[in-house]
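Student: I'd like to go through the charged pairs in a new model with you. Could you take me through them step by step?
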Amino acid sequence: MFDLSADNVRARGEEIIATGNAFLLYGDTYMVAHQITYNKQTQYVHLEGGVKVYQGDVLYLDTQEAQMNMQDKQISIQNFYLQSTMGIWISAREAKGLNGVYTFKRSVISGCDIIHPLWHLNVSSGTYNTQKQYMSVWNPRFYVGVMPVFYLPYFIAPTGNVRKSGLLSPEMSFSNKQGFMYMQPYFLAPFNRWDMTIAPQVRTHRGFGGDLEFRFADKDNQVALLQTRYFQNTDEYTLENNLKNKYIYGGTFLYQTRGIFSHSDTLRDGFYANLTYMNDLEYMRLKSLNATFNTRLYESRINYFLNTSKHYFGAYLKYYLDLSKASNSDTFQALPHIHYHYYTDSLFLKNLLYTFDFQSKYVTRPSGYGYFQNILSLPIGVALPLFKEYVTLGANLDMYMTSLSLQNAQGLVDATNAAMQNQVNYAVGNYNISLNSDLARPYKHFFHAFHIEAIFSGALYKHTSQAISDERYEAYNALLDRGLDSALLASYWNPSDMVDVVKNKHKVDLKLSQYFYGKNGKELFYWRIYRRIFLQDSFLSASQTLRNEFGFTPLQGLNLSASVFYSPQRKSIAEASLNASFSRWGLDSVFTYYFKLDPLYLASGLYASGNTGFARGSLGYDFGFFRLNANVGYDVGSGYLKDWYVTISKDIRCFGIGLKFAQDIVPTLGADNNIIPLTNQYVKIEFRFVPLANTGVTYRFKE
């Protein structure tokens, strides 16, 4: 059954001829032509002039003449043109179709403009399946303009945005050190709820391996990922590069979701898991041919929270993997950490506010001491507006208690060389008195906001065990002043590691900030300054800094910000940063500088070493004919060039090409557990055939 309609419909023998806005509706297929002729005897439909065929609301066939057998749905098309939902089109002199499957010969395929396509494929024959949304072609020759780029004997690709099983774009690279590198991912999607990717790889001078990634979607479409990877280095490569591990392996589990037990607005919960185990730094870099990974310390986490308008409950587990160590037996692990918090509420009076917080954590490790700790905090305070609300006076009492149970602490000593007790208790009742003022005023060309605050705090009452007494605390500070080696210093008990001894110190916090805004509400300038002064502890006062932070936007597109942390006692800058960015007229540039003295070296007055910092700059500009991007990073603390790259690229709607020159420093784990930095230089060329595929080749040079 089908519907045929037009402005004019007439019969001529066995033929029905429809002209003028003629259309034919057949199932979910909608056909339009200048003239449609239907033969009742042969059951053939002939369409002529401006033939367009729609499936749903998408045009997928455009031609001048077509003929369809309405009995078996076979169609013959002259000057065939078919377009997919992704924008890929196929043009051929002649084609045949049956049940939505079209076969064609000597065809042109592209995703660009049909008159002058920037890229196209010339194929000898092929098939297009409109129902399953994929095409398969023989002898495709890829052209950029009129220049042939490469040839394949056979090629298959999806033409819709529905997941389908099949080969993904391969990765290829050449390296003097690792040889020819090839990775061929295969995507398997048998069901809507899950899929997987299998990606074997080979590096001719290094070894072989593979990657398996499994993804599963829950009822709320939150995706869980389970990944495992294995790679085997050859004996020659392992010995030549003094590697610790011949076999590299590991696994990752990643999943997050909300509304596990409740979907209401008043009660919310959520779960997050990011777990990774690996036996080598190379595990992360082997996920692709050009992957980078420079972090030796990796954190895995499992979190769960339950939240209402008044209550919060959280449970956290953290596992740390230090890949620079021969064994992680002495690395602290937080298994688990329980947290309860009661949000701010009034107590008896409207202005009398309180909150409650409780934490319990178990920190352990196979080798060395661990501990079980409970922390309780109960602040109660009041805020009173004064002088017509120009000034606010605040006062609160913060009751803080913690109990610490040490485990396997037999060999642990404090700075007085006394043996450690297994039970450590600490309780303090703090006062906090604050005086602040917030002022704002509009002017003709800008708006000014000003905030000033002073907070006086200290202990009204405290109870401490011997392990965290003022005597032990001052003895440990004396060790810092002596500038002991960090390895030797780690063998002593530090009272500040697990207990916030600053809470019982009498101190003053001074804050000032001001902001200037333009007429359109855009921030023009800000300045923030902060200083903490300890009234009775000279050691802590010496380690405090005067913090200054600035931000300035003098021109549209130009943003400047800086921070300087200055130590008056040491007469030295402890930390500094500078950020500058400009984005206008096709130019994008960013410069970042950061410097910090290590706190241990700052406290002991040793400035020759122990500092960390980096500088990074990037520049990008679109010249019209091509775009240029450059990026360079420099390690200020160690004094070496970390990495750089320069890319030249061009994207023209459906086609893109990029050329990249780069160098980076790759840390590698050696057989003696030392991190060996390797200089990696490479050049990469990439082609982007939109929306069909991306492909490229990388060549790596010797170190």
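Student: Let's start with D211: is it buried or exposed?

Tutor: Bear in mind that this is a predicted model. D211 has a relative accessible area of 9%, and because buried means under 20%, D211 counts as buried.

Student: Which residue does D211 form a salt bridge with?

Tutor: D211 pairs with R229, and the closest N and O atoms of the two are 2.6 Å apart. D211 belongs to strand β20 and R229 to strand β21 (residues 223-233), so this salt bridge ties together parts that are 18 residues apart in sequence.

Student: And R229, buried or not buried?

Tutor: R229 is buried as well, with a relative accessibility of 3%.

Student: Switching topic, how many salt bridges are there in the whole structure?

Tutor: A search of the whole structure gives 16 salt bridges. One of them joins D195 to R215, with 2.6 Å between the closest N and O atoms. That pair links distant parts of the chain, since D195 sits in strand β19 (residues 194-203) while R215 sits in strand β20 (residues 207-217), 20 residues apart. D195 and R215 are both buried.

Student: What about E282, which side chain does it meet in a salt bridge?

Tutor: The side chain of E282 meets that of R206, at 3.2 Å from N to O. Because E282 lies in helix α2 (residues 282-285) and R206 in the loop between β19 and β20, the pair ties together parts that are 76 residues apart in sequence. Both E282 and R206 are buried.

Notes:
Residues are numbered from 1 along each chain as its sequence is written. This is a predicted model: local features need pLDDT of at least 70, side-chain atom pairs count only at pLDDT 80 or more; totals for chains, interfaces and linings use all residues. Side-chain values use heavy atoms; hydrogens and water are left out. A salt bridge is a side-chain nitrogen of Lys or Arg within 4 Å of a carboxyl oxygen of Asp or Glu. Helices (H or I, at least four residues) and strands (E, at least two) are DSSP runs, numbered from the N terminus. Buried means under 20% relative accessible area, exposed over 50%, partly exposed in between (1.4 Å probe, protein chains only).
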